[in-house]
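Visitor: I would like to learn how to read one residue in its surroundings, and then the chain around it. Could you walk me through it?

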Amino acid sequence: MKVKDLLAHGFVAKALPDGDRDIDGVYIGDLLSWVMGRAQMDNAWITIMTNMNVVAVASLADTSCVILAEGVDVPDDVIATAEAKDVNVIVSDEPIYETAVKLAGLLSNIA
Amino acid sequence: MSDALVFHFDVDGDNFTSAGQASTQVKKNLRQLGLSPAIIRRVSIAMYEGEINMVIHANGGTADVYVTEDYIDIVLADQGPGIENVEQAMQEGFSTATDSIRSLGFGAGMGLPNMKRYTDSLEIDTVVGEGTTITMRVNLA
């Protein structure tokens, strides 16, 4: 499943510079070093953190997208930086657990 | 290291939101050199953790990356407070970061462990009150 395919399922893109990127697995976490240590390349990363460092971590850890759950507000400068750094930023109005369950369903249907 | 390609960066100590600029630039440079995404990822994360550490603890420093055919060396040098107990600092979960740093999502005590995890060797040269130099190597061959 590609990142852009999420948009047909209630997810909203805040930045989609690389929407054709494949999602392979999911990682959930808000502690950035923990994410860098445990997330795998191409994972969709679900978090509620919205500061600028999230963009850097997503870029360096090479996740396929960041999914900001719980309907959190995303600052404009974070969106602009994500566009510039080729980082896909998706938002979900649902809580983290429901977001993950939905993603699991979508990923298993494709697989 | 005479044939090494060298990238040098000054890491700004005050600016938390711009932390990661050096690692992001290195990622770009390594991509242009045609290195594999897996190698680039390891180098980028290890260097970013080091960069963040210099911002959190040492008011910045310098980062030098040496690229040869066989390996990539990352050398991070600061004139910060030094590390009192390296063994303790290497343990997952140990952190001296403040609450404000933690509220940004850092300070999980995974920085040095991640640097070790993603590199083939990690050397820490530290003197309390004088500073720390960290040398990491990722083998290409």
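Visitor: Leaving aside its neighbours within four places in sequence, which residues is B:Lys116 in contact with?

Guide: Happy to help, and please keep in mind that this is a predicted model. Once those sequence neighbours are set aside, B:Lys116 is in contact with B:Met90 and B:Leu122.

Visitor: Which helix does B:Lys116 lie in?

Guide: Look at helix H5 of chain B, which covers residues 111–117; B:Lys116 lies in it.

Visitor: Why is B:Lys116 called partly exposed?

Guide: The idea is to count the other C-beta atoms within 10 Å: 20 or more makes a residue buried, and 12 or fewer makes it exposed. B:Lys116 has 17, so it is partly exposed.

Visitor: How far apart are B:Lys116 and B:Met136 in sequence and in space?

Guide: It helps to read both separations side by side. The two residues are 20 places apart in sequence, and their C-alpha atoms are 8.1 Å apart in space.

Visitor: Now the chain as a whole: how many helices and strands are there in chain B, and what pattern do they follow?

Guide: Chain B has five helices and five strands. Along the sequence they run β-α-α-β-β-α-α-α-β-β. The radius of gyration of chain B is 14 Å, close to the 14 Å from the globule rule for 141 residues, so the chain is as compact as a globular protein of that length.

Visitor: What share of chain B counts as buried?

Guide: Of its 141 residues, 37% count as buried. As for contacts between residues at least 6 apart in sequence, 61% join residues at least 24 apart.

Terms used. Residues are numbered from 1 along each chain as its sequence is written. Chains are lettered from A and ligands numbered from 1 in the order in which they are written. This is a predicted model: local features need pLDDT of at least 70, side-chain atom pairs count only at pLDDT 80 or more; totals for chains, interfaces and linings use all residues. Helices (H or I, at least four residues) and strands (E, at least two) are DSSP runs, numbered from the N terminus. Two residues are in contact if their C-beta atoms, placed from the backbone, lie within 7 Å. The radius of gyration is taken over C-alpha atoms; the globule rule is 2.2 Å times the number of residues to the power 0.38.
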